[in-house]
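User: I'm new to this one and would like to be walked through it slowly. Could you put it up first?

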Amino acid sequence: HQLLLADSGKVVYLAHGDGTAWMEFGIDGRIQLYSKAGIDVRTEGDFNLRADKDIVFDAGGSFKIRTEKDTVFNTENDFELKTGGRLDINTGGDTTVKSENNFYVDVSARTSLLSGSKTEINGSKVDIQNGGGVKLEPVESLTVNTLPDTKLNTALGNLWVNEQGQL
């Protein structure tokens with residue numbers, strides 16, 4: 001094992017005898033840690049990290065975050081997620097995406113929208129196929145016309161059917 005307190009080199013160095021773990025306090029104020037097997041930190045209180053510049057996490061394997069309560073990300077500037085593979089977002093409750101400005105979805109291949117219930121698209125103007133648009137005006141009520149030879153069959157999902165022999 002080695003403990004080096006060198007005033008001449010202005011360094012503090014602590015190392016395990018086989019070099020599998022070490023810690024160095026450098027002259028420039030940098031603290032370096034190394035462990036061949038892993039580093040574990042545990043506190044029963046808060047654990048705070050603060051850097052006046054950047055924080056960089058670089059994992060040669062997976063990067064996992066697990067919380068028993070809420071997870072909150074706040075930024076004063078842009079927030080970007082990139083993946084070279086799939087992105088899955090699953091919630092056990094409602095999902096809300098809100099933008100104070102424009103919202104874009106750009107897909108190079110197929111887009112699929114599936115709802116187990118009602119699907120609503122609301123907007124003062126809805127453009128489809130970029131071929132102009134249809135301004136949607138609210139519909140107050142529809143007049144239901146009935147003819148003597150037809151009847152509304154609610155058992156068939158509100159389908160109008162022909163009544164034989166009524167004309």
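Analyst: What follows is a short conversation about the sheet, the pockets and the salt bridges, and please keep in mind that this is a predicted model.

User: Okay, sheet first. How many strands form the open sheet, and in what order?

Analyst: There are 4 strands in the open sheet, arranged in the order S1-S2-S3-S4, and their pairing is antiparallel. In general, the strands of a sheet pair through backbone hydrogen bonds, and they can do so in a parallel or an antiparallel way.

User: And which are the edge strands?

Analyst: Those are strand S1, covering 2–6, and strand S4, covering 31–35, each of which pairs on one side only. As for how the neighbours are set, neighbouring strands of this sheet are turned by 5 degrees against each other on average, with direction ignored.

User: How many bridges join S3 to S4?

Analyst: Strand S3, made of residues 21–25, is joined to S4 by 5 bridges, and the two strands run antiparallel. Among the partners, alanine 21 is matched with serine 35 in S4, while methionine 23 has leucine 33 in S4 as its bridge partner.

User: What about the turn between those two, which glycine there has a positive phi?

Analyst: S3 and S4 form a hairpin with 5 residues between them, and in that turn glycine 29 has a positive phi of about 90 degrees.

User: Now the other side of S3. How many bridges join S2 to it?

Analyst: Strand S2, residues 11–15, is joined to S3 by 4 bridges, and these strands run antiparallel. Valine 12, for instance, stands opposite phenylalanine 25 in S3. The hairpin of S2 and S3 has 5 residues between the strands, and glycine 19 takes a positive phi there, near 80 degrees.

User: Switching topic: how much space lies in the largest pocket?

Analyst: The largest pocket holds about 480 Å³ of space. It is lined by 13 residues, of which Phe57, Phe63, Ile65, Phe73 and Phe79 are the closest to its centre. Sorted by class, that lining has 6 nonpolar, 4 polar and 3 charged residues.

User: And what is the volume of the second largest one?

Analyst: The second largest pocket has a volume of about 340 Å³, and its lining consists of Leu49, Ile55, Phe57, Phe63, Lys64, Ile65, Arg66 and Thr67. By class, this lining is made up of 5 nonpolar, 1 polar and 2 charged residues. Phe57, Phe63 and Ile65 appear in this lining and also among the residues closest to the centre of the largest pocket.

User: Last topic, charges. How many salt bridges does the structure hold?

Analyst: The structure holds 6 salt bridges. One of them joins aspartate 52 to arginine 50, with their closest N and O atoms 3.1 Å apart. Another is the contact between the side chains of arginine 86 and aspartate 88, at 2.5 Å from N to O.

User: Is Asp52 in that first pair buried or exposed? And why?

Analyst: Aspartate 52 counts as exposed because its relative accessibility is 69%, and the cut-off for exposed is over 50%. Its partner, arginine 50, also counts as exposed, at 71% relative accessibility. In the other pair, arginine 86 is exposed as well, with a relative accessible area of 69%.

User: Which residue does Arg66, from the pocket lining, meet in a salt bridge?

Analyst: The side chain of arginine 66 meets that of glutamate 68 in a salt bridge, at 3.8 Å from N to O, and both of these residues are exposed.

Terms used. Residues numbered from 1 in each chain as written. Predicted model: local features only at pLDDT ≥ 70, side-chain atom pairs only at ≥ 80, totals over all residues. Heavy atoms only, no water. Pairing = 2+ DSSP bridges. Axes fitted to C-alpha atoms, helices over the stretch in contact; angles between N-to-C directions. 1 Å grid on protein atoms, 1.4 Å probe; cavity = no way out; pocket = protein on both sides within 12 Å on 5 of 7 lines; lining within 4 Å. Points joined across faces, edges and corners; volume = space filled by probe spheres on them. Nonpolar A, V, L, I, M, F, W, Y, C, P; charged D, E, K, R; others polar. Salt bridge = Lys/Arg side-chain N within 4 Å of Asp/Glu carboxyl O. Buried < 20%, exposed > 50% of the residue type's maximum accessible area, 1.4 Å probe, protein only.
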